[in-house]
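Colleague: Before we use these labels, I want to hear the reasoning behind them. Can you take me through it?

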Amino acid sequence: METTDVIVIGAGFAGLVAARELGRSGHKVIVLEARARVGGRTWTEQALGHDLELGGTWVHWVQPHVWAEMTRYGRQTVRSPIAEEAYWLGAGAAPRKGSLADFSALIHDGQQQIVADALSAIPQAIAPTVGRITDLDEQSLQQRIDDLHLDDEARSANESVWVGHVNAPLHEVGLSSALRWASATGGHWPLMHEASATYRVVGGMSAFSAAIAADVVGDIRLNSTVTAIDHSENRATVTLFDGQKLRAQRVIMTLPINAIDTITVTPSLPEVWRRANEERVASQGIKVWIKVRGRLPRFFAYASQHHPISVLKSEFIEDDHSILVGFGPDHTAIDVTSIEQVQAAVGVWRDDLEVIGVAAHDWMKDPLSKNTWMTHRPGQLTRDLSRLQLADGVLHFAGCDTADLWGGFIDGAVESGLREARLVSNALTR
Ligand SMILES: Cc1cc2nc3c(=O)[nH]c(=O)nc-3n(C[C@H](O)[C@H](O)[C@H](O)COP(=O)(O)OP(=O)(O)OC[C@H]3O[C@@H](n4cnc5c(N)ncnc54)[C@H](O)[C@@H]3O)c2cc1C
């Protein structure tokens, strides 16, 4: 049987960074990746005549782990367009149009009141379970918004803004997700928005992950789906879909919580992982790229959390077409491959958008992710996070779901890969 020091399962950002660190520390590493590519939930595809990010896209310098990788690999950012026009829904869902400043004024009170709690709830964003969060974690984001008693227009606008962040129906999302992001941005809501959806990586995320992969001193094996792990006190045996077995002193799993049950683990996964997997995290939405006819002024649009596309914004403007990106809370509410359904969804704001193409990947239906960018259900953060970070003997866990700072983000994936590589390296050199 082939043997190695460490097997890393998954070649997303967490797995690649962990493998790079371990290889550089002199450990023999094999990365097993089920897909035919590296990058995991980041994936740049040529579609609709553009290089489009079907998964993770935006990064920011307030995200220290991914920013260090940006510096290391000489990546630059490009700003997504600043909107000239804003659209939203007023009373009775009547379409409203204004400027960016008009919309910011509409949502300001709602945003401010929610993020105002952040610094007492989570005084240090790197310790997200310490602080008043322990009292607040059972609250859903919806309950908190309900408590604000906003008028209908402000309430609907605020709700759809949050859908853009948390990609789930708001009654299913813990208030903790909002508080973590706000804490990480010093309680400053415009910075929180900027951090999560403003700066794209020049050259695309696939080139970024490929640069890390090229830096791995070790073996990255694609098309290598792991089906089982048997682990004992001092080693683990990993079985691939074709029956091939490999042995290692340590294994790092980087699968998302929702997808971790696709591997049979003996003895079974820790109770915290099994429970979280059964429960599922909150995130369950869509991201869809939409090509519309004509050169449109740069705009963004917010509907409500009850619309299949709650958020829409311009990303590329060409002479004869524009490329928009949309987000919605529920992947079962719309078929993002259907031009007709997307056309109907964008019609809520304006009737001059003629959809001529769509591009998306349903990450919720993808058995290798079963999730988008992770947001917690009420209670999950303080109940589970620290235990999700614990190794079970020789079996370690990384992945954005286990991060302290930007959980659910690329930054969190990098953080987790660094963390577990250090722990594994320490254990191997003890
Ligand atoms: C639509 C969308 C938009 C997003 N937008 C942003 C954004 O703008 N900014 C941001 O920071 N983050 C964003 N994210 C989140 C970001 O993409 C993730 O946080 C990050 O990519 C997760 O990296 P990871 O390594 O933890 O997990 P993953 O990338 O999911 O890596 C896990 C890897 O394990 C592999 N795997 C699974 N099962 C097996 C198996 N049995 N055997 C072998 N391999 C297996 C998978 O194929 C995958 O490659 C977005 C995500 C999505 C889906």
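**Reasons behind the labels**

Modeller: Let me begin with a helix pair: H11 and H13 cross with a left-handed sense. Bear in mind that this is a predicted model.

Colleague: What makes H11 oblique to H13?

Modeller: The axes of H11 and H13 (residues 380-388) cross at roughly 135° and come within 9 Å. Angles over 145 degrees count as roughly antiparallel, and 65 to 115 as roughly perpendicular. The angle of roughly 135° falls in neither range, so H11 is oblique to H13.

Colleague: Why does Arg280 count as partly exposed?

Modeller: Arg280 has 16 C-beta neighbours inside 10 Å. Buried needs 20 or more, and exposed needs 12 or fewer. The count for Arg280 lies in between, so the label is partly exposed. Arg280 sits in the loop between H11 and strand E15 (286-293).

Colleague: Why is Asn167 called buried?

Modeller: Asn167 has 30 C-beta neighbours inside 10 Å. The cut-off is 20 or more, so Asn167 is buried. Its place is the loop between helix H7 (152-166) and helix H8 (175-184).

Colleague: What is the phi of Asn167, and what is that of Arg280?

Modeller: Asn167 has a phi near 45°, which is positive, and Asn167 is not a glycine. Arg280 is not a glycine either, and its phi is positive at about 70°. Most residues other than glycine have a negative phi, and that is why such values are worth listing.

Colleague: Which peptide bond is cis?

Modeller: The bond from Thr266 to Pro267, with omega near -10°. Most peptide bonds are trans. Pro267 belongs to the loop between strand E14 (264-266) and helix H11 (271-279).

Colleague: How do you know that E5 and E9 pair?

Modeller: Pairing takes at least two bridges. Two bridges join E5 to strand E9 (residues 199-201), so the condition is met. The two strands run antiparallel. Val59 has Tyr199 as its bridge partner in E9.

Colleague: Why do E5 and E6 count as edges?

Modeller: The open sheet has three strands, in the order E5-E9-E6, with antiparallel pairing. E5 and strand E6 (77-79) each have a single partner strand, so one side of each lacks a neighbour in the sheet.

Colleague: Which elements supply at least two residues each to the shell around the ligand?

Modeller: Helix H1 (13-24), strand E5 (58-59) and helix H14 (410-428). The ligand is surrounded by 40 residues, and the closest are Gly10, Gly12, Ala14, Gly40 and Gly56. By class, the shell has 20 nonpolar, 15 polar and five charged residues.

Methods: Residues are numbered from 1 along each chain as its sequence is written. This is a predicted model: local features need pLDDT of at least 70, side-chain atom pairs count only at pLDDT 80 or more; totals for chains, interfaces and linings use all residues. A residue is near a molecule or strand if its C-beta atom, placed from the backbone, lies within 6 Å of it. Helices (H or I, at least four residues) and strands (E, at least two) are DSSP runs, numbered from the N terminus. Ala, Val, Leu, Ile, Met, Phe, Trp, Tyr, Cys and Pro count as nonpolar, Asp, Glu, Lys and Arg as charged, and the others, Gly among them, as polar. Axes are lines fitted to C-alpha atoms, for helices over the stretch in contact, and angles run from 0 to 180 degrees between N-to-C directions. Angles under 35 degrees count as roughly parallel, over 145 as roughly antiparallel, 65 to 115 as roughly perpendicular and the rest as oblique. A crossing is left-handed if the near helix is turned anticlockwise from the far one by less than a right angle, and right-handed if clockwise.
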